[in-house]
Structures are given as C-alpha cells and as structure tokens.
Amino acid sequence: MNADTFNALRVPVNLPWKQALTVMDDTAQGVLLAVDARGRLVRTITDGDLRRAVLGDVAADQTLADLPGREPLVADENATPAELQQRMNALGILHVPVVDAAGRPIDLVSARELASRIWLSSPHLGEEESAFVEEAFRTNWIAPLGPHVDGFERELAAHVGIGHAAAVTSGTAAIHLGLILLDVKPGDTVFCSSLTFVGSANPMLYCGAKPVFIDSEPATWNMSPAALERAFEWAKAQGRLPKAVIIVNLYGQSADMDALLPICARYGVPVLEDAAESLGASYKGRPSGTFGRVGIFSFNGNKIITTSGGGMLVADDPALMARARKLSTQAREPAPHYEHVEIGFNYRMSNVLAGIGRGQLKVLAQRVDQRRRVFEIYREALVDHADLQWMPEPAGYRSTRWLTCFTLEGADGPAGRDRLLRALERHAIEARPVWKPMHLQPLFEGAPYFAHAPGEDVSARLFARGVCLPSGSNLTDAEIARVIDHLRRLLPQSVASHAVS
Ligand SMILES: *Cc1c(COP(=O)(O)O)cnc(C)c1O
C-alpha cells in the first residue's frame, strides 16, 4: 500500500456512511480508519460493517460514528509480525492499524502480507540440481567424496579461471584451511576487513591468531587502502608483520585490488580473498575470488548460489591445493593403515551437495543478472529520494549486487534507519542493517583497529545508516513492488515530491 492510499483510508468519523462506501470502493483495502478531529483513531470500518449498514437499512445521513462497532484493535510501533498475526487470528480480523503515542494511525498491517513474508535472500534452485542429486543416489555415491565433488571443483575453477578448487563444508571452513595454508599459527597477527560477516573473522581465532581490523573506504565499502597502509606501518614499527591479510568483497562487490594488493606485496604478506558474497562478480574484467594467494567462496543458503551449506577454496598453486584436500580429510598420510602426523579436519563437501552445486553453477550468470535487475528496479523506483545513497559501484567493477544496500543520509539517518527497519519488519519484509563491523563486536574487544582516516570510522557509519533490502534472485515483481511501496511511504519525502504536493 502506498502513501496516497494510506492517507485516503483515514476518514472523519462524522462522515455519512454512504460516502464512506465510495471511499471503501476507491481504496479497495477492505478497511477504513475513522478518525476524530484531532486525527486520533476512533474505530476501524470494515467492508462487512458497511455491508451490514446497507442491508440493515441505516438512514443515509447516519455517520460512521453511528454504526454499531467496538473499540478498534490497535498496535504500537514495536509490535512484531508474530504478535500482530496472533491477535488477528484470535479476533478473526484482517487488518491492524498501528497508532502513534497520541493514538493517530500511522500504519496499517494486513493479514495477507503477514502470510507472505518477503525474505532477504532465499535459496533459488534451477532445473538441473535434482538430476545431479538423483544421479548421486542412483550410483550410490552418497558417501563423502565422489564424482560430483571432482566435477564441481573442476567446473567452478574453470568458471572463475583459476587453477584449482577444493570443495569444503562451508565458507568458514575454507577460510580456516586457507589461513593454515598461509602458515598462520597461534600468536601470529592477521589483518582482516572489519565490515564483514563474522565468518570472515572467526577462523583467525580458530588458529589462535591475533586479529587486527581494517576499516572500509567510502568508494567501495571495502577495505580502505589508506587504513591498510597505516596498519602495515604500525605492524612494521612493532616488528610483527601479519602472516596474512583477509580482504573481503562485501555484498557482491570486489575490493579495490589494484590499490590493496601492491601494499601487501610490498610487505611480502599473502592475501586471502574472502569472495563468499562475490562469486560471479568481476574487477577490471577479472573474476572475483582469484586475486589472493588463496580465495574462498560460500554456498550457504543465502548466498548467490547454494548447496544448502558449503564452501570452496581456490588457488593457482597445485601444491597448496593438494595440502588443502589432505587437511580437509583428517590429514591422512599415504600408508595402507591410518597414519597421522598433523592435525586434520573433516571439512570435505559431500558428493550429494556437490551435485546441487553443479546444477547451481549452471545458473550462476543468470542469478547475477537477476540480482542486478532487482537492484536497478529499487534504484529507479526510489530515484527521487535524495537522502538515500546506494552502495556505489565504481567504473571497472561489476558487482553481483548479492544484497541491494543503501545508507540513509541526513541528520536523522541513524534513527530514521532504525524506524525504517522496524516498519518493514512489521510488514513481514526482512531487511537488515549493514553488517556490524568486527571492531565493534564484543567478541573482538581490544583488537587493534585502523580507521579510514584518523577520526573517520567509515564502517561504523555504514553500520549506523545502512540497510540491506530483500534481494533474492527469485523475488517476484509483485514482491519488489510491495517493498518499494512501503519504502516510498516510510522514507523521508524528497525535495522533488514536496514540490509536487
Ligand atoms: C557467508 C560468509 C562467510 C561464511 O560462509 P559460510 O559458508 O556461511 O561459512 C564468510 N565471509 C563472508 C563475507 C560471508 O558473507
């Protein structure tokens, strides 16, 4: 429901009921909100109330206030969809008005929208996954490893143009193995982007390493070259260079590799590229995930393609990848019996899940196009909202737009963002704040942090003002339109629309 419709639903309670019939027909929501002279909600009028008035032969000059009815059921701004649903079910009603502290209606939630939640990013299967999985069943390759694992690794490596790939149980497992391959040991330092999902950072702790977090830059929302440079100068002065730098590609967009990689190279420190969110993206024509000594992808259920859960480690160095495969299968030595000299892990992807991955890989390019289209629809629909700044995509970058993100600018940005998220949630629309940076997480309290510029904490600002919108490749146009209608109603009015009204 858009702002105009919502405004039209508010009718004076002293309106003759026959006139209310016309408004009910025009607005077509099945409900009207009858308000007093001060705009406070007096009662809700349903289709049924007016139908009964017609049948009951109520005089034409009677007003809405004269119709039989009861106190309206209302909710406040903090009501959750579950609470609203429960109350609608209990009372057998289809709408709940939301009122402000003075009792004025500010929103209306319908049972219909609560019954069809819109997800942030849900799995989207293609046509061929089930055939691959059935083949695994038919050939009894249900055991871990098998031809689909080999096939998925080969096909993914070919797709991104890298020498080798090792399929594992998750993106997090891939990062853990990657850090071990880069010889990260207890007490070592590792640099990592601060603005990311905790899956990027937890493996540093698995290794007993000491994390140092690096801020984002405004142009890409990814690792700030200026902050990285200062972190290296600091590390050098301490006489303790990091063993690795984890560079994250946020929300489907590459970091500025031409600026970041030479800094790491100058200090001789290898890069682990966390491309969990950027499979299918490119940077200056080169596929994302292929820039570090090792790279990783994730096939978690919410990612651009999924195996329900899974990850991939990639590298050009065959020796590195052979070691990854060994470590991920309990680090067994070549011997007829089970011989072990180092710590191993049970991290290999199963053959069944790799079958899903092979099917998903076939539709990857399509999924990227679909997510980019979702972004474009949002952007075009909200182009007149000047306070809303989309995550930039600089020239030479091609993001997957895994999630469509924006920040709410202006003095009221952070508070407005929180109100917006609450309101979307009330309408069963899953939107989220931008990742909470690692340097602000209690888990990493005390870890050194290098801001983009002294006194300019870019990732903290993005967290305070950023919103991720529903972005799945399987969103229908009607679902996107529903999100947009709410956004247009909830966002601060732009200069342009003030001029019109
Ligand atoms: C999802 C994600 C991970 C972890 O991947 P899982 O497969 O969920 O373990 C790591 N880093 C980033 C940036 C992610 O988005």
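Which helix does Ala322 lie in? Select Ala322 and the answer is α12, residues 318-328. Helices here are DSSP runs of H or I with at least four residues, strands are DSSP runs of E with at least two, and both are numbered from the N terminus.

Before going on, note that this is a predicted model, in which local features need pLDDT of at least 70 and side-chain atom pairs count only at pLDDT 80 or more, while totals for chains, interfaces and linings use all residues. Residues are numbered from 1 along each chain as its sequence is written, and side-chain values use heavy atoms, with hydrogens and water left out.

**The start: Ala322**

Stay on Ala322, which has a relative accessible area of 44% and is therefore partly exposed. The classes are buried under 20% relative accessible area, exposed over 50%, and partly exposed in between, with a 1.4 Å probe and only protein chains counted. Add His164 to the selection: 158 residues separate Ala322 and His164 in sequence, yet their C-alpha atoms are 9.2 Å apart.

**The loop after α12**

Move along to Gln330, in the loop between α12 and α13 (351-362). Gln330 is not a glycine, but its phi is positive, about 70°. Its relative accessible area is 40%, so Gln330 is partly exposed.

Next select Ala331, which is also placed in the loop between α12 and α13. Ala331 has a positive phi too, about 50°, and is not a glycine. Is Ala331 buried or exposed? Ala331 counts as buried because its relative accessibility is 0%.

**The whole chain**

Zoom out to the protein chain, which has 18 helices and 20 strands. Its C-alpha atoms fill a box of roughly 95 × 60 × 35 Å along the principal axes. The chain has 501 residues, and 54% of them are buried. About 21,400 Å² of the chain is exposed, with carbon and sulfur atoms supplying 54% of that area. Accessible areas come from the Shrake-Rupley method with a 1.4 Å probe, and for residues only the protein chains shown count as cover. A contact means heavy atoms within 4.5 Å. Among the chain's contacts between residues at least 6 apart in sequence, 69% join residues at least 24 apart.

**The ligand**

Now select the ligand. How many residues are around it? There are 15, and Gly171, Thr172, Glu277, Ser298 and Lys303 come nearest. A residue is near a molecule if one of its heavy atoms lies within 4 Å of it.

Show distances from the oxygen atoms of the ligand. One distance, 2.5 Å, leads to an N or O atom in the side chain of Thr172. A backbone N or O atom of Gly171 is 2.7 Å from a ligand oxygen atom. For Lys303, the distance from a side-chain N or O atom to an oxygen atom of the ligand is 3.2 Å. The ligand taken alone exposes 380 Å², of which the protein buries 94%. Helices α8 (171-181) and α9 (198-206) are the elements that give two or more residues to the shell.

Colour the shell by residue class to find 3 nonpolar, 9 polar and 3 charged residues. Here Ala, Val, Leu, Ile, Met, Phe, Trp, Tyr, Cys and Pro count as nonpolar, Asp, Glu, Lys and Arg as charged, and the others, Gly among them, as polar.

**Helix α10**

Select residues 225-238, which form α10. This helix of 14 residues reaches 20 Å from its first C-alpha to its last, close to the expected 20 Å. The expected span is 1.5 Å times one less than the number of residues.

Which residues of α10 are buried? They are Pro225, Ala227, Leu228, Glu229, Ala231, Phe232 and Ala235. An α-helix has 3.6 residues a turn, so residues three or four places apart point the same way. To see what the buried residues of α10 pack against, show β7 (189-193), β8 (210-214), β9 (244-248), α11 (257-266) and β19 (449-450). After α10 comes Gly239, with a positive phi near 70°.

**The last stop: Ser288**

Finish at Ser288, in the loop between β12 (286-287) and β13 (294-298). Ser288 counts as buried because its relative accessibility is 1%. Beyond its neighbours within four places in sequence, Ser288 is in contact with residues including Ser254, Glu273 and Phe297. Add Asn249: its side chain and that of Ser288 are joined by a polar contact of 3.2 Å. A polar contact is a pair of N or O atoms within 3.5 Å; within protein, one must be able to donate a hydrogen and the other to accept it, and residues adjacent in sequence count only if both atoms are side-chain atoms.
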